Structure formats: structure tokens, C-alpha cells
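Trainee: I should like to request a close look at a single part of this model, the surroundings of the ligand. Please then set that part in the context of the chains and their domains.

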Amino acid sequence: MKAAAFAYARATSVANALELLAVHGEKARVLSGGQSLIPAMNLRLVAPEVIVDIGDLAELRGIVVKGDTLVMGALTRHADLLKSSDIVKCAPLLGAAAAHVAHPAIRNRGTIGGSLAQADPASELPACMLALGATIVVHGPGGERRIAAEDFFTGIYETQLAPQDLLVAIELPVARTGSAHFFQEFARRHGDYAIVGLAAQAMLQGDRFADLRLGYFAVGDKPVLAKAASKLAGATITPALLAEASDALSHELDPHEDQQATPAMRRHLARVLLARCVASLLNRPDLNIGGRS
Amino acid sequence: MSSIRSNPQRLSVLDRPNSYIGKTVPRPNLDRLLQGRGSYVSDMELPRMAHVVFLRSPYAHAEIVSIDAAAARRMPGVIAVVTGKELADVITPWIGVLSHLKGLKSAPQSAIAVDRVCWQGEAVAAIVATSRAAAEDAVEHVGVEYRELEAVTDMRTALDPATPVIHASLGDNLAFERILDAGAVDQAFAGSDAVVEAEFIFGRHTGVTLEPRSVVADWDAAEARLTIYQGTQAPHMVQNIAALHLGLREAQVRVVCKDVGGSFGIKVHIYADEMATYALAKLLRRPIKFVADRVESFNTDIHARDHRCKGKIGVQRDGTITAFEIDDLTGIGPYSMYPRTSAIEANQVVNLVGGPYTTKNYRARARVVFQNKNVMCQYRAVGHPIACSVTEGLVDLAAMKIGMDPVEIRRRNLIADDAYPCASPSGLRFEQLSHHASLAKIVEMMNYEALRAEQAALRKQGIHRGIGIASFIEVTNPSAAFYGVGGAKISSQDGVAVRLDAQGSVICQTSITEQGQGSQSLTAQIVGSVLGVSMDRVRVILGDTDMTPYGGGTWASRGAGIGGEAALQATKILRKNILDVAAVILQSTPAELDIIDNAVVNVSDGARRIELDELARIVYFRPDTLPPGIQPEPMATRHYVPRDYPFAFTNGVQAAWVEVDTDTGFVKLLKHWVVEDCGTIINPQLVDEQIRGGVVQGLGAALFEKCVYDDRGQLTNANMADYLVPMSGEMPDIDVGHVVSPTRESELGAKGAGEAGTAGAAAAVANAVNDALKPFGTMITEIPLTPQVILSALGRI
Ligand SMILES: Cc1cc2nc3c(=O)[nH]c(=O)nc-3n(C[C@H](O)[C@H](O)[C@H](O)COP(=O)(O)OP(=O)(O)OC[C@H]3O[C@@H](n4cnc5c(N)ncnc54)[C@H](O)[C@@H]3O)c2cc1C
């Protein structure tokens with residue numbers, strides 16, 4: 001379990017990192033927190049010839065609020081999401097989610113940029129990006145691109161990032177009054193990747209949802225912003241309506257099979273999460289129908 | 001802690017002033033390990049040392065058509081690429097059988113596969129290079145052509161005529177079969193008010209050690225001696241086997257076992273890759289290091305369990321259990337492991353089922369079959385979790401059938417505490433067990449009645465909690481009955497030498513080993529207590545065949561009971577020898593003197609007469625001042641093996657309190673209790689932590705751990721992300737209580753405690769989950785109890 005030999009370059013600026021990536025192309029890999037890349041290299045699942053370490057780039061650090069937008073540098077650590085008061089105020093969903101990402105030692109190194117670039121379909125943060133309506137800011141040979149989270153994730157470990165691109169920042173709309181969030185995942189051990197999870201962001205209006213965004217993860221080859229949510233927005237929710245939305249969700253999802261769960265189990269758990277989410281956000285225990293139709 | 005038998009006379013040598021027995025004292029090796037000064041095999045660097053990496057078969061069953069190593073040999077840093085055929089010139093193959101396991105058969109196994117591979121992960125070639133990384137680079141350039149053969153993977157069809165026979169010379173895939181029929185089982189079932197049957201399924205799992213298997217083998221051609229540095233539980237066994245297959249005398253092999261990062265039975269066997277490493281050192285005449293990486297650990301460290309056991313129980317309306325019957329099937333991989341064999345687990349299952357109960361009617365069949373999967377063998381609590389889960393699952397089923405409380409049915413059937421000595425239907429002899437005292441104690445610890453009330457109240461709110469109880473017996477302190485009688489050169493006796501050094505401290509050499517369970521501590525506690533010196537004056541040396549007496553090592557919960565007794569007896573002699581000299585120096589008699597707190601004192605008034613350092617000074621440097629004819633003996637050696645009973649059985653009971661989320665199938669472990677009886681407790685903290693660690697491994701089996709094979713014999717979760725080792729976040733608090741019935745066989749009275757936790761934990765959890773699911777009319781008899789299994793059973797998916 002030793003990585004194949006590789007060359008190492010420590011980027012001195014974003015521009016320098018982009019130059020290095022331009023020169024080496026597919027043979028290079030960006031090294032951020034290393035919590036996904038290094039295990040993969042040690043298992044010889046990947047064998048990049050050059051590592052471009054962006055760990056030193058102060059430009060990629062920091063969480064700032066600019067008007068209605070929260071901007072997070074790509075090097076923001078998972079641990080920062082748990083600590084930052086700006087996150088608590090502007091995007092509390094991220095803090096709730098980060099608590100489920102791996103373990104403290106990994107959260108101290110792993111970065112949000114790395115997590116989004118890695119695009120593991122069972123990862124928490126990509127689904128949060130969908131729920132929060134994030135914009136991913138990418139620098140590449142052609143300059144800056146701003147990509148909506150919904151378009152960013154394209155498949156298992158696949159994104160709109162080309163080998164020469166660097167993910168530099170994430171922008172989120174700041175949470176407004178009346179917004180609420182829900183996060184829950186099912187994992188057999190705390191810190192594991194989820195079997196199924198849900199990151200949800202809502203706008204409440206009285207006893208209804210003005211808006212409801214359901215970011216599901218570990219339900220297929222990429223995170224899913226469930227369309228079934230539209231059935232619930234603006235309506236008075238009854239168990240029957242919820243069951244209808246659950247059925248729509250079942251149809252919409254196309255989950256994979258793995259050692260933890262069959263597609264049927266994933267669909268079932270996704271429905272359970274929907275009921276828990278709606279019951280919790282509306283404070284309506286009667287809606288916690290446990291995935292039943 | 002409560003004692004059901006007191007025997008003050010027998011405890012006298014241990015009950016001395018300042019005794020460490022029964023006290024929680026910190027382990028002497030703690031600071032060293034915590035300050036990072038532990039010395040593990042992977043830390044070792046020797047001059048000219050090379051690293052071996054094994055090219056492992058990607059197929060479960062295949063012919064090796066050709067191996068082309070030319071390109072690999074040219075890679076930077078590569079010293080040699082060695083195939084199985086080439087290595088066969090240096091080391092002979094072996095067959096893992098024992099004569100007392102009648103009919104057990106296996107095929108010759110080589111250090112590196114020759115012509116054919118029989119499981120995915122079997123070594124095909126050794127690549128030796130200047131570093132592990134260089135060797136891994138070269139592995140990718142060895143070209144092996146395989147012809148894939150049909151793999152035998154399902155144990156249920158392994159004996160079908162249509163299934164290929166893995167080893168043609170053996171005739172079939174049956175490694176071992178045992179049949180037992182005691183009492184009058186058919187009659188008992190016929191006369192029962194109810195008979196209940198179930199099939200219990202146990203996932204194949206493994207013991208994941210923090211430190212992987214590691215070896216440095218160093219052949220000294222000048223001395224014609226091989227030194228093996230290895231994290232092993234049985235150094236003398238390794239010495240014997242290495243010598244035997246390398247054509248050496250035992251005196252030419254030294255095995256050194258320094259710190260070991262966990263073993264759990266994984267490191268008590270002889271592995272092909274370790275044998276290959278010894279042989280490579282001899283062949284290449286230089287030190288060779290092998291440290292398994294995590295993926296090869298999963299593919300080659302022995303697996304365990306993987307049983308399918310049909311069970312049947314008869315019961316009367318008054319709760320009397322009338323009979324047990326089982327039919328057990330287990331698949332052990334392509335070879336019976338060497339030298340302890342892979343028939344022991346099934347054999348134990350036959351031995352142990354029904355063991356805590358009075359019924360004499362018991363019928364069993366166990367079949368052990370070959371498969372093209374990794375080898376299976378003894379792992380912590382060998383056979384016990386299977387036997388306990390089957391027995392206790394059946395007892396709960398019987399209770400449910402007749403509508404009796406699970407505690408009550410056990411009360412009515414457990415062997416009475418005053419019925420000993422007695423024997424089980426399978427012939428196990430029990431000296432003194434304490435099932436009823438243990439059950440009473442656990443009921444009190446968990447506040448059983450209150451818990452039942454809480455369960456009922458929560459049930460009304462749709463919260464489904466369950467209580468599970470599991471009584472068990474545990475094999476400890478094995479005599480030669482385990483391996484020796486079957487022809488294996490595995491010592492059941494242990495030896496201890498103690499000597500007074502020139503400043504009045506004590507050096508103790510023992511043949512038991514330390515893998516973290518506290519062998520060093522318990523030895524020092526016994527020596528310090530019996531001699532009358534403080535523990536900081538006792539240095540314990542273990543794990544070196546050149547430096548310690550001959551003995552078995554640490555496995556089968558034997559270290560404290562056997563090695564501890566040897567330490568006690570050796571120290572008694574040393575004490576006598578010291579008092580003899582003291583009496584001469586002090587012109588007194590030995591009877592008037594005692595050793596307390598590092599000094600010889602008067603028995604009468606406790607006055608300090610001579611410090612041990614002063615006595616040692618005279619003994620070593622001024623013997624001329626002693627009267628003529630006085631020759632002090634400042635060193636004593638004693639060996640010990642139990643003779644009266646083949647095994648010192650212990651017993652206990654576990655209870656689990658769980659909550660099942662019936663929407664998701666997730667089980668939350670809320671609390672776990674254990675009461676066990678290991679006889680004399682030398683260090684309560686060490687015993688409690690052995691129990692807790694054992695429980696956690698049992699909980700792993702219950703909920704998390706499983707080696708998942710596909711139908712082509714590929715292990716599909718050979719990594720720490722997909723193979724779920726239990727972690728602290730999911731573990732409940734574990735309360736441990738004790739009942740103390742010392743064995744009369746030894747003066748120490750200690751039985752083993754290392755496996756009790758693992759023996760009953762899964763059974764308690766499975767019973768608790770079924771108790772929680774009672775209103776749903778489901779009964780699950782499969783572990784691990786994954787959300788998928790539970791949701792399926794509930795019909796939710
Ligand atoms: C034991 C363990 C458990 C884990 N559990 C979870 C979990 O439950 N949930 C979860 O979400 N994650 C989990 N992770 C992964 C962890 O969250 C990683 O931190 C994350 O996936 C990757 O972030 P990183 O900064 O470490 O990226 P790296 O490992 O450095 O990089 C990952 C990939 O992204 C690319 N990359 C990184 N940064 C950029 C960038 N700025 N621009 C372009 N490409 C980039 C790299 O080239 C590489 O391909 C776990 C990891 C471990 C080791």
C-alpha cells in the first residue's frame with residue numbers, strides 16, 4: 001500500500017497552480033486536504049505523475065459575507081464549517097452536515113473544494129450545495145467559470161472540472177428570515193459515508209413551505225435535487241399529500257445497489273427521510289409516516 | 001464482586017500484606033507504550049534488510065500456467081523474484097491435521113502456491129526489494145498467466161456431486177465431520193409439549209488487529225541460525241514449525257516477540273507468507289521483512305465463524321428443556337490451517353451447545369467443508385459465539401413458544417450451583433460453575449423488572465426496545481487435550497524463572513506472551529505479592545525462545561491461569577531459598593522470618609531484619625562470609641500444566657438492551673451487562689477490560705462485521721471503509737460484574753477471562769433485537785443484523 005512514485009510541486013499562487021496544471025494536464029492532480037486523493041494513491045487506484053499542492057494558497061482560504069452572498073474559499077476545511085459563526089448565521093445546514101463528514105482528524109484536513117471536486121455521490125457537502133443553490137467558482141485556462149451546483153455534478157466522481165481547472169470558491173445565498181434546514185443521514189457507523197442522506201433547505205410561510213429544496217445523496221451516481229419537493233411547496237400538507245410526494249420521489253430516484261443496500265431499501269429510506277424532514281420542519285409529528293404510502 | 005466459595009487457607013500465599021492480587025495496579029509497560037517507545041516488528045531495521053511483497057492471486061481458483069518475472073527483475077531496487085517452485089527447495093509443505101480430530105483431512109500447502117492457487121489472495125510469487133515501495137512497483141511487472149477454474153464458494157453445495165473437488169487427492173470437499181448422540185433425543189422430542197426449530201446463520205468475519213501480521217527473518221549463515229522477529233502469540237510453536245520445515249534443529253531457530261499490536265487469535269497460526277519470509281531469509285542470506293498491508297490482511301489473516309447451524313429444542317409447559325439438537329455446517333477455505341487445524345471451531349460448537357443447561361439429551365452433527373475462499377481458523381472465543389447464539393436463541397424461542405419469561409426459563413434449566421463437579425452431554429467436565437449466582441447478579445445489575453416496565457411503557461409510544469439474555473460457558477486453561485494429544489508440538493505447559501538480582505530486585509522470565517492483555521502486569525503482580533517485593537522491583541521478560549522457559553504462550557484464555565500459576569510456584573521456591581539464606585545470616589530459622597516490602601522481617605513483630613539488597617550483596621559478593629556448606633540459590637524455576645481437568649471452564653451471562661428503529665432497520669445498542677466467573681481475579685481492571693474488549697468484538701459480529709464474498713470467490717470488502725469494524729461511537733456502556741469460583745486445581749485459582757466477552761455478546765444482542773421485534777411476529781436468526789436484514793424481515797422492503 002505504497003503510492004507509485006510521483007513528482008511534487010507546491011503552487012505559489014492560483015496563477016502558478018493553473019500554469020502547472022496547464023503544463024501537465026491529465027498527468028497532474030491537485031492536492032488539497034489529501035483525504036481522498038492520498039488513500040486512492042496508496043491503494044494505487046490512481047497514479048498521477050505530478051501532484052500540485054495548493055495547501056499554501058492563502059487566496060483560497062477564508063469565509064466571508066459579501067452582501068447577500070456567502071463566499072467560501074476552496075481550502076475551507078470541514079472543521080471550519082463547524083466552527084465559523086458566519087456559517088452558523090448564513091448557512092447552518094453546512095454545519096449540520098459537516099458533523100457527519102468523517103471524523104475529527106479527517107475534518108481537520110479535508111476541504112470543501114476537495115469534497116466537491118471529488119464528487120463522491122455519498123458525500124454530504126455536494127448535496128448541501130444543491131439544497132442551498134450554490135454557485136461553484138472555477139478558474140481554468142479560459143478564465144473564470146461560475147457553475148450552478150445543479151450543473152456541476154455530472155456523475156460518479158465526475159464534475160464539470162477539466163484536468164486544467166481549479167475550483168477556487170463557493171458562493172451561497174445568505175439564509176433569509178423564515179428559512180429552515182433539515183439534515184439527516186443513515187450510516188451504520190458515525191462518520192461513515194451515508195447509505196442514504198438528505199440535506200434540505202426550506203422557506204417557511206405559516207404552516208406551509210414557500211420553498212423546499214431536497215438534496216438527496218447516496219441515492220445514485222450523483223446528488224439529486226428532488227423534484228418531488230414541488231408537490232409540497234405552497235400546499236397544506238396532509239399525510240395523503242406527503243404519501244403522494246413520497247411515491248413521486250420513489251419514481252424519480254434511480255438508486256444503485258451496493259453492499260449496504262438494495263435500490264428498494266434506498267428508495268424506502270429516502271421516503272423515511274422525506275417524512276422525517278417534513279414532520280420536523282413543520283413541527284408536525286403526525287406527518288412522520290415512516291416511508292409508508 | 002461476590003464469592004460463592006471462600007477458601008482462606010488456599011489463598012494464603014496471595015493474601016499476604018501488600019498483596020497486589022485483586023488490585024487494579026497500572027501495567028508496568030504502560031509508560032513505555034504511551035511514550036511511543038514500544039518496539040513493534042515494523043519498527044525494526046537491520047543492516048542489509050530487504051522487504052518482501054507478495055504477488056497475490058486475483059482468482060479464487062486457477063491454474064498457474066506461467067510466471068514471467070524478467071521485467072520485474074530489472075526494476076530498480078529489486079533483489080529477487082521467487083516463485084513457489086523455487087522456494088520449495090528451501091521449505092517443505094505442510095498438512096493441517098491433528099490425530100485426535102478423527103477423519104480430519106487436508107491437502108499439502110506450500111509457502112507460495114505451486115501450479116495452482118486456491119483462494120483469491122494466495123501468494124503466487126515473492127518480490128524482494130530494497131523497499132516496500134520498490135517491491136510494489138515491481139509486482140506490477142510480473143506477468144502471470146492463469147487458467148481460471150471453477151470456484152467452490154457456497155458451503156451448502158460444497159458436498160454436492162456436481163461441485164468440483166478442490167483437492168482431487170482427498171476425494172471430496174469434506175474436511176471433517178463429527179457426530180454426537182447423547183441421551184435419548186428422539187424420545188425427548190416426542191415427549192415434549194413443544195418443539196421449536198430454526199436455522200442460525202453467522203457471517204464470516206475476521207479479527208482486525210491494529211498492527212498487521214509482521215515478520216523480520218534474519219538468517220545468520222555463519223552461525224547457521226535463523227532469528228525470527230514476529231508478533232506471535234506462541235513463540236515456541238513458531239520455533240518448532242520453522243525448524244521442522246526449513247530442515248533445522250529447534251536450537252537453530254530463535255523467535256523474538258516484542259510488542260504486539262493486538263492478536264485475538266489471528267497471530268497464533270502459521271501463515272504461508274510468514275513461512276515464505278523465513279525461507280527467503282535463508283535462501284537470500286539476508287534479513288527479510290514482511291509487513292502485511294491492510295488489503296492483504298483482509299485477504300489472508302484467518303477468517304472465522306461462517307456457520308449455518310440448524311437447531312432444535314424441546315420444552316415442557318413448565319419450562320423444562322428436554323433436548324437440544326444441532327446440525328452445523330461451516331466452510332473453512334481450501335486448507336485446514338496449520339498447525340491448529342480448522343476443525344476446532346466446529347468441534348467446539350458440538351462441545352458447547354446446551355452446555356449451561358441440565359438436559360442430558362443432545363444430538364449434534366458438524367460438517368466442515370473446503371471452499372475457494374480465504375482460510376478459516378481459531379479467532380477469539382473459537383466456536384463459543386456460534387454455540388452460545390444457537391443455544392440461547394433456541395432457549396428464547398422455547399420461552400416464547402410457551403409464554404415464559406426468558407430469565408425464568410433459564411432459572412429453571414441452568415445447572416444448579418451446588419451440582420458440581422459434573423459433566424455435559426458432550427463430555428465436558430465442569431469443576432465449579434456459578435450460573436445461578438451470575439444470573440441473579442445480572443438481573444439485579446440491570447434492574448430487570450424496571451427495564452421490562454420501561455420497555456412496555458415505550459412500546460405504547462411506538463418505541464421498540466428489547467432485552468436479550470445469554471448464559472454461556474467458556475473453555476479456558478487448556479491442558480494437552482487441546483493440541484498435544486493430537487500430535488501438535490504446541491505446549492500446554494508454561495514455565496517461569498525468577499531470580500533475585502544483585503540489588504534485591506527480581507527478574508522474571510516467563511513463557512507466556514504479551515499482546516496487550518496485561519501478561520506482564522499479572523506476572524509482576526503475582527511475583528511481587530508472593531515474594532513480598534514491590535512491583536517496581538519486578539522486571540518481566542517474555543517473548544524470546546532464547547531467554548524464557550519453554551511454554552505455550554498466550555491463547556485460549558490460558559496466560560493468567562497457567563503462566564500465572566507457574567509464576568506463583570517459582571516465586572514460592574525463590575522465597576524459600578531467600579529465607580533459608582536470611583535465616584543463616586540472621587541466625588534465625590526460616591519459619592520465624594518473612595519477606596515484606598523488600599525486606600526480610602520477623603514474623604512475630606514485623607521488625608525489619610535485613611533489606612533484600614543487603615542480602616543480595618552478601619549472596620553475590622561476600623559468600624565467603626556465609627558458613628561453610630551454605631550455597632544460596634537465588635533463582636528458581638517452575639513449570640505448570642493443569643492435569644485434573646482438560647479445561648478449566650468458566651461461565652457467565654450477558655444482557656443487552658437495544659432499540660430497533662422499525663422504519664430504518666437500525667439497531668441502537670443502549671446498554672450491555674456482563675457477569676462472569678473467572679475464578680481468582682488478579683487485576684480487576686485488566687479482567688474488566690478483557691471482558692469489554694471481547695464484548696465489542698462480539699457486538700461487531702452481531703451488527704457490523706462480515707467478509708462479503710461474491711459467487712466467484714472474490715472478497716469484495718477487503719478494506720476498512722467497507723468492512724465495518726465496531727467503533728466507540730456505536731458502542732454502549734458495558735457494565736461488568738463478577739462471581740468468583742476459584743479453580744482448586746491451582747493455588748492461584750485463576751481461570752481465563754479473555755474470551756468470555758466475545759462468547760455471549762452477539763447472542764444477547766440477537767435475542768434483544770428479537771425481543772424488540774416481538775409485536776411484529778418476526779424472528780431473525782442471522783447475524784450481522786444489518787438494516788437490510790431487519791427491514792427485509794419486517795417486510796418493509
Ligand atoms: C476515513 C475517511 C472517511 C471519510 N468519510 C467521509 C464522509 O463521511 N463524507 C464525505 O463527504 N467525505 C468523507 N471522506 C472524504 C473527506 O471528506 C475528504 O476530505 C474529501 O472527500 C476530499 O477533500 P480533500 O480536501 O481531502 O481533497 P483531496 O483528497 O486533496 O482531493 C480530492 C480530489 O479533488 C481534487 N481537488 C481537490 N481540491 C481541488 C480544487 N480546489 N480544484 C480542483 N480539484 C481539486 C483532487 O485532485 C482529488 O482528485 C472521508 C475520508 C476518509 C479518509
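Mentor: The account below begins with the ligand and then moves outward to the domains, the interfaces and some points of backbone geometry.

The model is predicted, and the values that follow are computed from it. The shell around the ligand consists of 30 residues, and those that come nearest are V30(A), L37(A), T111(A), S123(A) and E124(A). Two of these names return when the polar atoms are examined. The side chain of S123(A) places an N or O atom 2.5 Å from an oxygen atom of the ligand. For E124(A), a polar side-chain atom lies 2.7 Å from a nitrogen atom of the ligand. The backbone also takes part: a polar backbone atom of G191(A) is 3.3 Å from an oxygen atom of the ligand. On its own the ligand has 960 Å² of accessible area, and the protein covers 89% of this.

As to secondary structure, two or more residues of the shell are given by each of β2 (28-31), α7 (112-118) and β10 (166-173) of chain A. Of the elements, α7(A) contributes the largest share, namely 4 residues. Sorted by class, the shell holds 14 polar, 12 nonpolar and 4 charged residues.

These positions may be placed on the domain division of the chain. Chain A is split into domain 1 (7-53), domain 2 (62-173) and domain 3 (181-291). Between the C-alpha centres of domain 1 of chain A and domain 3 of chain A the distance is 36 Å.

Chain A also meets chain B, in a contact that takes 25 residues from chain A and 31 residues from chain B. The two chains bury about 2,300 Å² between them, and 54% of that area is on carbon and sulfur atoms. On the side of chain A, the three residues M1(A), R188(A) and R189(A) supply 33% of the area buried against chain B, more than any other three residues.

Chain B has its own division, in which each domain is assembled from separate segments: domain 1 (2-38 + 493-640), domain 2 (41-149 + 212-260 + 266-300) and domain 3 (303-479 + 644-793). The centres of domain 2 of chain B and domain 3 of chain B, taken over C-alpha atoms, are separated by 36 Å. Their contact draws 36 residues from domain 2 of chain B and 29 residues from domain 3 of chain B. About 2,800 Å² is buried between these two domains, with 62% of it on carbon and sulfur atoms. Within domain 2 of chain B, the residues that lose the most area to domain 3 of chain B are W119(B), H269(B) and F298(B), which together account for 23% of what that side buries.

Certain backbone details complete the description. In chain B, the peptide bond from Y338(B) to P339(B) is cis, with omega near -10°; P339(B) is placed in the loop between β17 (321-331) and α9 (344-352) of chain B. The peptide bond from Y420(B) to P421(B) is likewise cis, with omega near 0°, and P421(B) belongs to the loop between α11 (406-413) and β19 (422-423) of chain B. In chain A, the residue A102(A) has phi near 50°, a positive value in a residue other than glycine. This residue, A102(A), is found in the loop between α5 (92-98) and α6 (104-107) of chain A.

Notes
Residues numbered from 1 in each chain as written. Chains lettered and ligands numbered in written order. Predicted model: local features only at pLDDT ≥ 70, side-chain atom pairs only at ≥ 80, totals over all residues. Heavy atoms only, no water. Near = heavy atom within 4 Å. Polar contact = N/O pair within 3.5 Å; in protein donor to acceptor, adjacent residues only side chain to side chain. Areas by Shrake-Rupley, 256 points an atom, 1.4 Å probe, with all protein chains shown as cover. Nonpolar A, V, L, I, M, F, W, Y, C, P; charged D, E, K, R; others polar. Domains from an automatic or database assignment. Contact = heavy atoms within 4.5 Å. Buried area = accessible area lost by both parts, 1.4 Å probe.
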